[in-house]
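Subject: Structure handover

Hello,

Here is the structure we talked about. Please load it before reading on, and keep it open beside this message.

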There are 2 protein chains.
Amino acid sequence: MATIKDVAKRAGVGVGTVSRVIAGSGPVSADATNRVRRAIAELRFRPSHAARALPKGQSQTIGVFVPLVHGAFYTPILHAIYATLREHGLHMVVDFGRTLETERQDALAGAEFLTDRGCDGLLIMATALKRADIEHIAQLQPKFALLNRSVPQFRANCFGPDHQAAGAAAGRALCAAGHRRVAVIEGPARSSDNRLRIRGFLEALSECGIDPDSVPREQGDFSPESGRAAAEALFARGRNFTALFCANDEMAIGALAAARQAGLAVPQDLSVMGYDGIDLAALTVPPLTTVVIPWRQIATHALHHLLNLCYGMNLPVPPDVPAQVLYRESVARIA
Amino acid sequence: MATIKDVAKRAGVGVGTVSRVIAGSGPVSADATNRVRRAIAELRFRPSHAARALPKGQSQTIGVFVPLVHGAFYTPILHAIYATLREHGLHMVVDFGRTLETERQDALAGAEFLTDRGCDGLLIMATALKRADIEHIAQLQPKFALLNRSVPQFRANCFGPDHQAAGAAAGRALCAAGHRRVAVIEGPARSSDNRLRIRGFLEALSECGIDPDSVPREQGDFSPESGRAAAEALFARGRNFTALFCANDEMAIGALAAARQAGLAVPQDLSVMGYDGIDLAALTVPPLTTVVIPWRQIATHALHHLLNLCYGMNLPVPPDVPAQVLYRESVARIA
DNA sequence: GACCAAAATGGAACCGTTTCCAGTGTAAGA
DNA sequence: TCTTACACTGGAAACGGTTCCATTTTGGTC
């Protein structure tokens, strides 16, 4: 591989001049610029990223951690982040968790990996992180933003929706449609955002005069398959409910499949409500009524904040729009 | 940030010794090892990735390009790649394309980004790449593997299913179920794998005595939404077919939604067949009959080949299992 | 033609590692 | 006691860029 010295020699200039041509820093005569450009092309010179990052101490790269590679939930968020980064000519290095069970340790390992990688800032999505973990990350790389996890100590670095309010909106919507007997498929207990949305949902029910303790609940792991299994377990316990709230859309998709398998028509025999507002929810059979969280927007704002931090930019970080129930066809109004 | 020199000073040894302790290369006395380890811990020393990669010329990192961040198709493949990489203690840097339209140029830019990033090898998934593009990539980084794109010149580096055979299997399955009037939702014409599977499908139909030219066709872009639109267009042209073959499962999901919207029961009024065998296809309403391509396996084998190339490993690269039709409930047998 | 500021330039020092080589200390063998 | 081998060690050189400083060149002014 050709180095900057080879280019300098070929162009008949010093290495400093070559560097200035490449980076556009400092004055270079038109003549020298041309000779350097030609030499670069002829030698197919490509500057080494490692050699470049070493003296500069900056890599124009943001590190992103996402709990899972797959699934309909995380990837659109990643897409939004990536698009924004590209707009600003920045690079992204992603690290993924293996499973939701190992999310916490994966996120910690990911933060180390990304920091070691010379990322200028970290955008981390992991609800399973404890306060001490976040302190650890802050020590590793003070320039970071947290997505969907909030701790008072780092309030300014935390971005995410008000899950409790959003959960409450779901509860109120079901009550308003006349449902009095409701079941819930919740996510993993370790996930703080799950706990909040379930709490909000049950509180709303309570305000409508429904005893939260009477609500049958099953737990899934946010995957469609787990939603199916949870729904089946719920059906097996005797189907004395008219509506089913799922802690995310993917589990709701599984619940829809389970309902069909059980011979239940949605929404005539059973209403199903999701959460998150993933794109796929528009294309289920029937189309899913869900609580839309403006995830892409939230992610973009978190990133804006991070870029302001890292590069002294001045990107807007407006308050997020609140979550809203999107009425499609999976919830029926009953007497 | 502490450097290796600080550690050496604190431990009262030379930098060479510290480096040997960290890398486990060369002999170091137990005493020195302990002092170094302690100093590392006390100073919270973390070796700089950039400084390390510079003299070594290797980064223990594989670069992966995937056409899209989001969607149900690419991410499980990425997941399989990531899992294998972790098993071998290697890192991954991913680059994504923006849209399927820009796949070709994004893949090219991605190859450059990943190479500049010091990746030891490249795993690239992009059907839109032309032969010259691949030559360019080979020049950039001779250690590469191609997923789902095959060119004779680089036969050994290419991995992917036999789309034509798989498409034919779909066609035969529909014929065997008694369907004589069939429609097709195909993917983008620029996508070589799409062309192959459609060709195989139509050839199989032809062998069953169905005129390929009589088959109504609409084009989508592999997204669920485009599948819905294509199905609607097909319905609008008069629904004189009993079965619909979709070039991938995601478009089939969209077609299912369109069918419901049109008041068509699947499979009673219309049979729908997918392609790929994504996980979600098991949870649609009704569960989708599809051609299962062993994508995870293919990706793993491509990666094995690449690792053998990069690190002189000796990982198995067995022939892939052929694609198979998985019968679920979206295709009816008719008279 | 002399002078000066600004533009342009070459090259040394530096970034933080790895690697290699020369050198020291020690134990075993003659 | 003297070699000899070997384990261990320190430090210089190298990796390929960026940056800064000293120096040369240029163009404009009087």
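Start with the sheet in chain B of this predicted model. Six strands form an open sheet there, in the order 7-6-8-9-10-11. The pairing is mixed. Strand 7 (217–219) and strand 11 (324–326) of chain B are the edges, each pairing on one side only. From one strand to the next, the twist averages 20 degrees.

Inside that sheet, look at strand 8 (residues 243–246) and strand 9 (residues 271–276) of chain B. They run parallel and are joined by three bridges. One residue pair to select is B:Phe245 with B:Met273, its bridge partner in strand 9 of chain B.

Helix 10 (residues 224–236) of chain B lies across this sheet. It crosses strand 6 (182–186), strand 7 and strand 8 of chain B. Its angle to strand 6 of chain B is about 145 degrees.

Now chain A. An open sheet of six strands appears here too, with the order 7-6-8-9-10-11 and mixed pairing. Its edge strands are strand 7 (217–219) and strand 11 (324–326) of chain A, and each has pairing on one side only. The average twist between one strand and the next is 20 degrees.

Strand 9 (residues 271–276) and strand 10 (residues 289–292) of chain A pair in the parallel sense, over four bridges. In that pairing, A:Val292 of strand 10 stands opposite A:Asp276.

Two helices pack on the chain A sheet:

- Helix 8 (residues 163–176) of chain A touches strand 6 (182–186), strand 8 (243–246), strand 9, strand 10 and strand 11 of chain A. Its direction makes about 165 degrees with that of strand 9 of chain A.
- Helix 10 (residues 224–236) of chain A touches strand 6, strand 7 and strand 8 of chain A. Its direction makes about 145 degrees with that of strand 6 of chain A.

Chain A also has a domain division. Domain 1 covers 4–56, domain 2 covers 61–159 and domain 3 covers 163–293. The centres of domain 1 and domain 2 of chain A, taken over C-alpha atoms, are 35 Å apart.

How are the two chains related? Chain B superposes on chain A after a rotation of 180 degrees, with 0.0 Å of shift along the axis and an RMSD of 0.1 Å. That is the relation of a two-fold axis. Within chain B, the C-alpha nearest the axis belongs to B:Ala50, at 2.3 Å. The copies meet through the same surface, because 100% of the interface residues of chain B are also interface residues in chain A.

Next, the DNA. Take DNA strand D first. There are 27 residues around it, and those that come nearest are A:Ile4, A:Ser19, B:Gly14, B:Thr17 and B:Ser29. Of the atoms of DNA strand D within 4 Å of the protein, 65% belong to sugar and phosphate.

Three polar contacts to inspect on DNA strand D:

- A polar backbone atom of A:Ile4 is 2.7 Å from a phosphate oxygen of DNA strand D.
- A:Arg20 has a polar side-chain atom 3.2 Å from a base nitrogen of DNA strand D.
- B:Arg20 has a side-chain N or O atom 3.1 Å from a base nitrogen of DNA strand D.

Which elements give two or more residues to the surface near DNA strand D? They are helix 2 (15–23) and helix 4 (49–56) of chain A, together with helix 2 (15–23) and helix 4 (49–56) of chain B. Helix 4 of chain A has the largest share, five residues.

DNA strand C has 27 residues around it, and A:Gly14, A:Thr17, A:Ser29, B:Ile4 and B:Ser19 come nearest. Sugar and phosphate make up 66% of the atoms of DNA strand C that come within 4 Å of the protein.

The polar contacts to inspect on DNA strand C:

- A polar side-chain atom of A:Arg20 is 3.2 Å from a base nitrogen of DNA strand C.
- A polar backbone atom of B:Ala51 is 3.5 Å from a base nitrogen of DNA strand C.
- A side-chain N or O atom of B:Arg52 is 3.0 Å from a phosphate oxygen of DNA strand C.

Helix 2 and helix 4 of chain A, with helix 2 and helix 4 of chain B, each give two or more residues to the surface near DNA strand C. Helix 4 of chain B gives the most, with five residues.

Best regards

Note on methods:
Residues are numbered from 1 along each chain as its sequence is written. Chains are lettered from A and ligands numbered from 1 in the order in which they are written. This is a predicted model: local features need pLDDT of at least 70, side-chain atom pairs count only at pLDDT 80 or more; totals for chains, interfaces and linings use all residues. Side-chain values use heavy atoms; hydrogens and water are left out. Copies are superposed by least squares on the C-alpha atoms of residues with pLDDT of at least 70 in both. Contact means heavy atoms within 4.5 Å. Domain bounds come from an automatic or database domain assignment. Two strands pair if DSSP finds at least two bridges between them. Axes are lines fitted to C-alpha atoms, for helices over the stretch in contact, and angles run from 0 to 180 degrees between N-to-C directions. A residue is near a molecule or strand if one of its heavy atoms lies within 4 Å of it. A polar contact is a pair of N or O atoms within 3.5 Å; within protein, one must be able to donate a hydrogen and the other to accept it, and residues adjacent in sequence count only if both atoms are side-chain atoms.
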